[in-house]
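Work through the exercises below with the sequence and the model side by side, and try each task before reading its solution.

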Amino acid sequence: MAAEWIRLYRTERTRKRVTKGVLFTIALIATIAYIFPLFWMVSTSIKDPADIMRDPPLILPRDVNLEIYKEMFGSPPEGTQIPVDGLRYMKNSLIIGAGTMVLTMLFAVPAAYGLARFRLRGSNIFMMLLLVTQMLPEVLLVIPMFIFFRELHFTNNYSSVIIADAALTLPFCILILRTGFLQVPRDLEEAALIDGTTRFGALRRVIVPMVRPNLIAVTLFAFLVGWGDFVFSLSFLQDQELHPLALGVYNFIGYYRIRWEGVMAFSTIIAIPVVIIILALQRYFVTGLTTGSVK
Amino acid sequence: MSALPRRLFQGERAGYLFLLPAAVFLLITVGYPLFDTIRMAFQEVTLGTLSRGERPFIGLANFESVLADPAFPIALRNSLVFTVASVFFQFIIGLALAIILNEAFPLRHIFRGLLLSGWRIPPIVSGTIFLWMFNYDFGFINFFLEKIGLIDEPVRWLLNQDYALLTVILTNIWLGIPFNVILLASGLTGLPEDIYEAATVDGANRWQKLARLTLPLMKPTILATLMLGFIYTLRVFDVIWVMTGGGPVNATEVLPTLAYRESFNRFNFGEGAAISVIMLGMLLVVAVFYVRTTNEEGM
């Protein structure tokens with residue numbers, strides 16, 4: 001009898017191990033397939049230019065060649081095919097990212113606090129409108145915005161892009177921050193208010209430190225939206241001097257002879273902060289995304 | 001502060017004060033443009049009329065010329081094919097991955113993280129990477145497919161009218177995987193565990209549990225994911241704009257690229273707005289359908 005049980009136990013254990021092994025293998029293959037395009041981007045950017053146009057292609061670069069980064073983000077040597085001032089593009093992306101971040105947070109923090117802390121008539125409708133706003137096609141907004149900014153002589157100016165990006169980011173940021181504020185115990189805030197602090201004082205000294213992780217996640221998220229902006233820059237910024245990185249990539253592809261190592265280097269520079277921030281702060285975005293979209 | 005505003009903003013009402021800045025900002029930056037799009041769709045708005053400072057009302061003329069444009073039915077068809085195909089495969093792959101990641105096995109959190117890593121990469125960058133991967137001469141995909149014997153000679157993915165739409169769909173499926181995994185995986189973690197334990201005691205196997213428990217219980221999440229997928233895919237612009245610009249000829253023209261081209265290449269903003277309004281109508285139909293289904297199901 002006991003031997004029978006041990007045998008049963010062992011086969012059950014083997015079965016579980018096999019299942020785990022199969023799941024692990026499928027997940028591994030899926031992850032490699034999914035990550036491959038990103039790997040290929042980095043790999044292309046650090047290959048020797050002679051190795052890029054090659055059949056069959058080299059999967060791994062022979063060695064790490066950072067020439068293209070030096071050329072595009074350092075000082076381009078005389079007589080290069082497409083002289084590119086990568087630092088200028090990067091500066092433009094940083095300005096648009098930082099601007100979007102500041103403008104978004106300016107509106108998002110009080111709004112999220114208001115939604116979380118007060119029982120307001122109409123706050124459900126307000127949240128519903130936020131969700132709808134998130135769903136509007138960018139192309140739908142870019143046309144009237146262009147005309148609006150044109151009348152104000154605001155095109156060809158970072159602010160037009162920053163305002164548009166902030167408008168698109170704000171709903172998501174409010175929704176994530178609101179869940180953060182909801183986690184702060186109400187008593188704590190009331191205690192601070194009784195101590196004679198003003199509401200803004202309580203907000204600053206008591207609540208903000210408690211929602212710091214959500215705050216950081218949202219701030220960086222807003223930055224990323226501006227950092228990677230394409231559609232609004234494409235439509236509003238005629239002056240090449242103002243173009244951000246994403247528009248730079250698009251412009252290079254228009255050239256007759258594409259230098260893929262350069263395009264991929266630019267893409268890598270855009271993607272790196274995005275991937276790092278998303279990986280580090282996943283948790284917050286995931287809760288925000290799901291509370292925002294699934295009732 | 002005078003007495004009246006103080007009374008208005010005391011107690012719970014003070015909350016409105018906190019919402020006000022965001023509400024005003026969104027009213028100006030989203031509400032007004034939305035209103036203006038609908039208004040422009042019935043007006044003649046070109047660079048000419050704009051510089052004269054007038055926008056004459058022209059009734060349905062914008063819609064008539066949009067519908068008369070031979071590119072419009074093609075863009076409409078492409079939009080539907082692109083959206084339905086992308087959403088369908090993103091969803092199937094996303095669901096499979098979410099179910100796998102919900103099981104216990106080594107390193108699953110690392111896999112999960114990596115599978116979401118591309119979530120916010122700007123679509124323009126993803127489009128560019130795939131433009132390179134689908135390159136005819138030196139692209140990785142032609143090399144790989146030849147290597148495993150699926151094709152005999154390189155395919156002109158983006159240069160051939162028959163394959164271009166397929167190519168942008170494949171790219172967009174990749175783009176949508178993290179979003180689908182996030183939504184579906186969090187739906188799975190929210191399922192009640194005791195029902196599964198009861199099913200195990202009753203001798204249900206893995207597949208039975210999946211078909212009889214997981215999928216029915218997941219129905220609200222699945223519907224929401226599909227609806228959001230449709231809404232977010234119908235509006236895709238950047239990926240197509242960078243990979244094909246809508247071409248070759250009209251092979252990958254979709255409603256957003258057509259609206260953009262009408263507005264910013266031909267400077268016929270009225271017609272661009274008319275196409276936007278048509279898109280808005282399509283989104284509305286999906287939203288109404290979604291709300292009705294969820295209400296009927298009593299969700």
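The exercises that follow concern a predicted model, and each solution goes step by step.

**Exercise 1. Compare the end-to-end span of helix H7 (residues 158-182) of chain A with the span expected for its 25 residues, then describe its bend and its burial.**

Solution. Begin with the expected span, which at 1.5 Å a residue is 36 Å for the 25 residues of H7(A). The end C-alpha atoms of the helix are 35 Å apart, which agrees with that expectation. Next, follow the axis: H7(A) bends by about 40° at A:Thr169, and the proline A:Pro171 follows within four residues. Finally, apply the burial cut-off of 20 or more other C-beta atoms within 10 Å; 22 of the 25 residues of H7(A) are buried, and the helix is therefore mostly covered.

**Exercise 2. Carry out a similar analysis for H1(A), and list its buried residues.**

Solution. H1(A) has 44 residues, and the distance from its first C-alpha to its last is 63 Å, close to the 64 Å expected at 1.5 Å a residue. Along this helix there is a kink of about 45° at A:Phe36, shortly before the proline A:Pro37. The buried residues of H1(A) are A:Leu23, A:Ala27, A:Tyr34, A:Pro37, A:Leu38, A:Trp40, A:Met41, A:Thr44 and A:Ser45; the proline that follows the kink is thus itself among the buried residues.

**Exercise 3. Describe how the two assigned domains of chain A meet, beginning with their bounds.**

Solution. The assignment gives domain 1 (2-73) and domain 2 (86-293) of chain A, and their C-alpha centres lie 33 Å apart. The contact between them takes twelve residues from domain 1 of chain A and eleven residues from domain 2 of chain A. On the side of domain 1 that touches domain 2, the elements giving two or more residues are helix H1 (2-45), helix H2 (49-52) and helix H3 (67-73) of chain A. H1(A) gives the most to this side, with five residues. By class, the residues on this side of domain 1 divide into nine nonpolar, two polar and one charged.

**Exercise 4. Locate the largest nonpolar core, and find which of its residues touch the most other members.**

Solution. This core has 165 residues, and those that touch the most other members are A:Ala108, A:Ala112, A:Cys173, A:Ile174 and A:Leu177. The largest share, 16 residues, comes from H7(A). Because domain 1 (2-73) and domain 2 (86-293) of chain A both give residues to this core, it lies between them. To see the packing around one member, set aside the neighbours of A:Ala112 within four places in sequence; A:Ala112 is then in contact with A:Ile174, A:Leu177, A:Arg178 and A:Phe181.

**Exercise 5. Describe the side of chain B that touches chain A.**

Solution. Start from the count of residues: 73 residues of chain B are in contact with 75 residues of chain A. Helix H2 (residues 14-40) of chain B gives the most to the side of chain B that touches chain A, with 16 residues. By class, that side has 53 nonpolar, 13 polar and seven charged residues.

**Exercise 6. Examine the backbone at A:Asn156, B:Phe267 and B:Pro248, and place each residue in its loop.**

Solution. As a reference for this step, most residues other than glycine have a negative phi, and most peptide bonds are trans. A:Asn156, which is not a glycine, has a positive phi of about 60°; it is found in the loop between helix H6 (138-151) and H7 of chain A. With 14 other C-beta atoms within 10 Å, A:Asn156 is partly exposed. B:Phe267 has a positive phi near 55° and is found in the loop between H14 and helix H15 (269-296) of chain B. B:Phe267 also counts as partly exposed, with 14 C-beta neighbours inside 10 Å. The peptide bond from B:Gly247 to B:Pro248 is cis, with omega near -5°, and B:Pro248 lies in the loop between helix H13 (238-243) and helix H14 (255-265) of chain B.

**Exercise 7. Is A:Leu60 buried or exposed, and in which loop does A:Leu60 lie?**

Solution. A:Leu60 lies in the loop between H2 and H3 of chain A. A residue is exposed if 12 or fewer other C-beta atoms lie within 10 Å of its own; A:Leu60 has 9, so it is exposed. The C-alpha atoms of A:Leu60 and A:Lys47, which are 13 residues apart along the chain, are separated by 8.2 Å.

Methods
Residues numbered from 1 in each chain as written. Chains lettered and ligands numbered in written order. Predicted model: local features only at pLDDT ≥ 70, side-chain atom pairs only at ≥ 80, totals over all residues. Contact = placed C-beta atoms within 7 Å. Nonpolar A, V, L, I, M, F, W, Y, C, P; charged D, E, K, R; others polar. Domains from an automatic or database assignment. Expected span 1.5 Å × (residues − 1). Bend = angle between axes of the 7 residues up to and from the residue. Core = buried A, V, L, I, M, F, W, Y, C linked by C-beta atoms within 7 Å.
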